[in-house]
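Colleague: Before I go to the bench, please take me through this model.

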Amino acid sequence: SSGINAEWPLRPGDFLIPVAHFHQTIFQCFNHPFLFKVTKGDTLQSVKGRMVDRFKDIPEKEFEKYKFTLITHGRMNPLGDDFVFNSSDFITNIDMDSKPINEAHLDVFLHSRPWLGLEHALKPPKRSRYNYVEKPVKIHNQ
């Protein structure tokens, strides 16, 4: 995800939260988890507004169906638009003494730390990667 670096560096009050897409169960994440910058006191409403910009390829009507959930210790806590982000919800004592999180290790991170879940159906891509109707290519050796 190349766009993320534009959100950094962090100013006082800013912190990064891990975000992942899932459908029905948090143990079935899809797409790539990513880091998203929020500022202490941001509401879910304002964070959603910035996320819409990040997901330019997702129609707004589709994005409106996403449910936002705070996942802590494998438990889902649905969030309303008035939820206020606070670093203490996401950053645990372990984080204070460990290396800063990076996107390469996010899948591991999701098992042990709080993260923001985007719950929505997995829409199949417009064009299937495998098109079974196409005829096989024949190679004629000469």
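Modeller: Two strands pair if DSSP finds at least two bridges between them; helices (H or I, at least four residues) and strands (E, at least two) are DSSP runs, numbered from the N terminus. This is a predicted model, where local features need pLDDT of at least 70, side-chain atom pairs count only at pLDDT 80 or more, and totals for chains, interfaces and linings use all residues. Residues are numbered from 1 along each chain as its sequence is written, and side-chain values use heavy atoms, with hydrogens and water left out.

Colleague: What is the bridge partner of Phe22 in strand 5?

Modeller: Strand 1 (residues 14–23) and strand 5 (residues 115–119) run parallel, joined by 4 bridges. In strand 5, Phe22 has as its partner Glu119.

Colleague: Which are the edge strands of the sheet?

Modeller: The sheet is open, with 5 strands in the order 2-1-5-3-4 and mixed pairing. Pairing on one side only marks the edge strands, strand 2 (25–39) and strand 4 (75–78).

Colleague: Which elements give two or more residues to the largest nonpolar core?

Modeller: A nonpolar core is a set of buried (under 20% relative accessible area, 1.4 Å probe, protein chains only) Ala, Val, Leu, Ile, Met, Phe, Trp, Tyr and Cys residues joined through side-chain atoms within 4.5 Å. The largest has 20 residues, and Ile17, Phe36 and Met51 are among those with the most contacts inside it. The elements giving two or more residues are strand 1, strand 2, helix 1, strand 3 and strand 5.

Colleague: What does the chain average in pLDDT?

Modeller: pLDDT is the predictor's confidence in each residue, from 0 to 100. At least 70 is scored by 74% of the residues, and the chain average is 80.

Methods: Buried < 20%, exposed > 50% of the residue type's maximum accessible area, 1.4 Å probe, protein only.
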